[in-house]
Amino acid sequence: MATVHSDSHLGLSEEQQDFARAVRDFCARECGPERLKELTDGFEDLHHAATARRMAELGWYGVAIDEAYGGSGGGLLEACLFLEETARGEAPIGAYAVTLIVVGALTRFGTEEQKRRLLGHVAEGGALAIAMSEPEAGSDVGALQTRAELRDGEWVLDGTKTWCSYAHKAQEILIVCRTDRGESKHEGLSMILVPREAEGLTVTPIDTLGGKETNELHLAGCRVGADALLGEEGHGWTQLMAGLNYERVILAASALGLAQRAFDEALAYSKERRQFGRSIGSFQATQHKFADLATDLVQARLLVRAVATMTDADPERMLPQEASMAKLACTELAKRCALEGMQIMGGYGYATEYPMERYLRSAVVTTIFGGTSEIQRNIIAKTLGL
Ligand SMILES: Cc1cc2nc3c(=O)[nH]c(=O)nc-3n(C[C@H](O)[C@H](O)[C@H](O)COP(=O)(O)OP(=O)(O)OC[C@H]3O[C@@H](n4cnc5c(N)ncnc54)[C@H](O)[C@@H]3O)c2cc1C
């Protein structure tokens with residue numbers, strides 16, 4: 001069998017396997033290369049709202065949302081299966097991962113009204129975004145300077161955010177900002193939900209290797225109601241920390257799907273392409289590359305599923321070591337699969353006519369966003385007492 005590792009259940013229930021299979025079939029049917037090119041404006045705009053809505057109608061978009069808010073009531077493990085399969089199947093729902101990160105924060109800290117409004121919006125196929133990073137606060141996100149003040153019963157926000165993914169598609173953006181000075185940089189932070197159309201908020205796209213994906217935000221006297229606060233005033237840092245398992249596993253599962261896609265593409269190519277009168281896959285040098293990558297893919301998949309399962313069993317439990325390991329392993333693997341895939345495909349891997357160069361462009365950023373690989377290693381080292 002060609003890709004035993006990706007099709008095997010690895011501890012999933014029958015129902016979970018059926019779910020993953022259904023998503024995979026949908027992607028194979030609806031997101032083939034020609035169709036995908038059409039849906040994404042030539043691979044530039046990787047979020048297609050109508051595809052998101054179709055997946056919502058199937059009950060998939062709200063997979064990790066409580067049934068009370070229009071979702072299907074699944075957990076992080078089901079969300080990971082969906083993320084992995086949609087990334088592997090190239091479904092044009094680029095805004096989904098970041099939307100899911102905000103879903104996690106809303107589920108944990110949202111008021112009933114916020115949950116009804118925004119979780120309901122996501123379950124119908126809508127998008128949300130989160131803005132932590134600033135020009136001077138990247139890895140050191142606690143150094144952020146965007147301010148919010150309560151004036152006449154409204155929050156007034158001022159500052160600049162950068163790298164806010166899919167803000168241009170989002171109904172609301174979760175802004176992490178400073179509402180108080182605080183003794184340390186981690187005190188005095190809060191989370192405030194700002195509608196994308198709010199007056200005083202400007203969203204400007206940033207050109208990247210990946211197309212239309214991320215934005216700079218400028219907040220100039222941007223006013224929202226007092227009820228736009230998510231969770232408690234001044235508790236922003238603790239709330240961010242509480243979401244880290246969730247965030248890292250989400251990014252890991254997406255990267256894993258991309259890694260598998262690059263692997264699948266290279267494997268299929270290596271069986272077709274002939275040189276010296278035989279397939280290039282018959283050379284041991286090529287076979288060993290695939291054997292190593294296939295082994296790493298299974299390890300990474302097991303790790304993602306283990307961390308997702310542990311998080312579902314006890315959502316309050318912090319798993320800094322395991323979640324960082326999952327993010328580190330999957331994102332570095334996505335990069336390796338795409339780079340090796342390009343080498344295996346030779347000149348054709350480098351040509352834009354084939355998808356491998358696109359996979360490589362998508363993969364390189366995964367080890368940067370959501371905490372770089374260096375930061376993940378720092379966290380893992382800290383858990384080892386270093
Ligand atoms: C495409 C894209 C989408 C993004 N989406 C979002 C989003 O939706 N919301 C959001 O808030 N942010 C988002 N980000 C921001 C992302 O999380 C940051 O880019 C990332 O955390 C790194 O910050 P930086 O780019 O400022 O790099 P820096 O922090 O300046 O780091 C530069 C280099 O120094 C290294 N470094 C820094 N500190 C240390 C240290 N202590 N030890 C060892 N090495 C260190 C880093 O690993 C890196 O190699 C996105 C970024 C990109 C590129």
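A residue is counted as near a molecule if its C-beta atom, placed from the backbone, lies within 6 Å of that molecule, and this cut-off will be needed when the tour reaches the ligand. The model on your screen is a predicted one.

**First stop: the three domains**

Begin by colouring the chain in three parts, selecting residues 4-126 as domain 1, residues 130-239 as domain 2 and residues 243-383 as domain 3. Now turn to domain 1 and domain 2, whose C-alpha centres lie 25 Å apart. Where these two meet, domain 1 contributes 17 residues to the contact, while domain 2 contributes 15 residues.

Which elements should you select on the side of domain 1 that touches domain 2? Choose α6 (96-109) and α7 (112-123), the elements that give two or more residues to that side. Of the elements there, α6 gives the most, with 5 residues. If you colour this side of domain 1 by residue class, you will find 9 nonpolar, 6 polar and 2 charged residues.

**Second stop: helix α4**

Next, select residues 49-57, which form helix α4, and show the side chains of Thr-51, Ala-52, Met-55 and Ala-56, each of which is buried. They lie on the same side of α4, because they cover an arc of only 145° around the axis. Rotate the view to the other side of α4, and there you will come upon Ala-50 and Glu-57, which are exposed.

What do the buried residues of α4 pack against? Add α3 (33-39) and α7 to your selection, for these are the helices against which the buried residues of α4 pack. You have already met α7 at the side of domain 1 that touches domain 2. Before leaving, move just past the end of α4 to Gly-59, a residue that takes a positive phi of about 85°.

**Third stop: the ligand**

Finally, select the ligand together with the 22 residues that surround it, and label the closest of them, which are Gly-138, Ser-139, Trp-163, Thr-372 and Glu-374. Two elements, β1 (128-131) and α14 (373-383), give two or more residues to this shell, and the largest share, 3 residues, comes from α14.

Which domains each supply at least three residues to the shell around the ligand? Bring back the domain colours from the beginning of the tour, and you will see that domain 2 (130-239) and domain 3 (243-383) each do so. Colouring by class instead, you will find that the shell around the ligand holds 10 nonpolar, 10 polar and 2 charged residues.

Technical notes. Residues numbered from 1 in each chain as written. Predicted model: local features only at pLDDT ≥ 70, side-chain atom pairs only at ≥ 80, totals over all residues. Domains from an automatic or database assignment. Contact = placed C-beta atoms within 7 Å. Helix = DSSP H or I, 4+ residues; strand = E, 2+ residues; numbered from the N terminus. Nonpolar A, V, L, I, M, F, W, Y, C, P; charged D, E, K, R; others polar. Buried ≥ 20, exposed ≤ 12 C-beta atoms within 10 Å, placed from the backbone. Arc of directions from axis to C-beta.
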